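Visitor: I've got a few "how do you know that" questions about this one. Can we go through them with the structure open?

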Amino acid sequence: QVQLVESGGGLVQAGGSLRLSCAASGRILGINSMGWYRQAPEKQRELVANIRGGGNTYYTDSVKGRFTISRDNAKNTVYLQMNSLKPEDTAVYYCNAVIIADLRTLNAWGQGTLVTVSS
């Protein structure tokens, strides 16, 4: 069984910062990629950022220059440092990981953490 546990969401004023963390646990042989998605009310879930095993990163255009994704492979943990937050960043943020467990590749999701940015 594989589990992703997120932390770090909360309420912040516009211009402020938050840091999200997501730790993977369980029978993990390897992790291909880890990332963050978000879903705002009445909107589709969108990919915010991800990072592959080799360190290559992707950011959606709206967060480039403000968010930084990083990964601690020894701890199976991914972080999302969010700076200069805007009200439009308000959403539930979900951690995602493509995990090699036993002989299978799993697409695992966290439970979500709410980020609210007030104007």
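Guide: Sure, and keep in mind that this is a predicted model.

Visitor: What makes the disulfide of cysteine 22 and cysteine 95 left-handed or right-handed?

Guide: The torsion about the S-S bond is about -80°, so this disulfide is left-handed.

Visitor: And why is the pair called a disulfide in the first place?

Guide: The cut-off is sulfur atoms within 2.5 Å. Cysteine 22 and cysteine 95 sit at S to S 2.1 Å, so the pair qualifies. A search of the whole structure finds one disulfide.

Visitor: Which parts does it tie together?

Guide: Cysteine 22 belongs to strand E3 (residues 18-26) and cysteine 95 to strand E9 (residues 91-101), so parts 73 residues apart in sequence are tied together.

Visitor: How do you know whether cysteine 95 is buried or exposed?

Guide: Buried means under 20% relative accessible area. Cysteine 95 comes out at 0%, so buried it is. Cysteine 22 is buried too, at 0% relative accessibility.

Visitor: Why is E9 called largely enclosed?

Guide: Eight of its eleven residues are buried, so the rest of the structure largely encloses E9.

Visitor: What makes E9 and E4 paired strands?

Guide: Pairing takes at least two bridges. E9 and strand E4 (residues 30-39) have nine, running antiparallel, so they count as paired. One of the matches sets arginine 38 against tyrosine 93 in E9.

Visitor: And why is asparagine 50 called buried?

Guide: Its relative accessible area is 16%, and the limit is under 20%, so asparagine 50 makes the cut. Asparagine 50 lies in strand E5 (residues 46-52), and its contacts include Met34, Tyr58 and Ile69.

Note on methods: Residues are numbered from 1 along each chain as its sequence is written. This is a predicted model: local features need pLDDT of at least 70, side-chain atom pairs count only at pLDDT 80 or more; totals for chains, interfaces and linings use all residues. Side-chain values use heavy atoms; hydrogens and water are left out. Helices (H or I, at least four residues) and strands (E, at least two) are DSSP runs, numbered from the N terminus. Buried means under 20% relative accessible area, exposed over 50%, partly exposed in between (1.4 Å probe, protein chains only). Contact means heavy atoms within 4.5 Å. Lists of a residue's contacts leave out its neighbours within four places in sequence.
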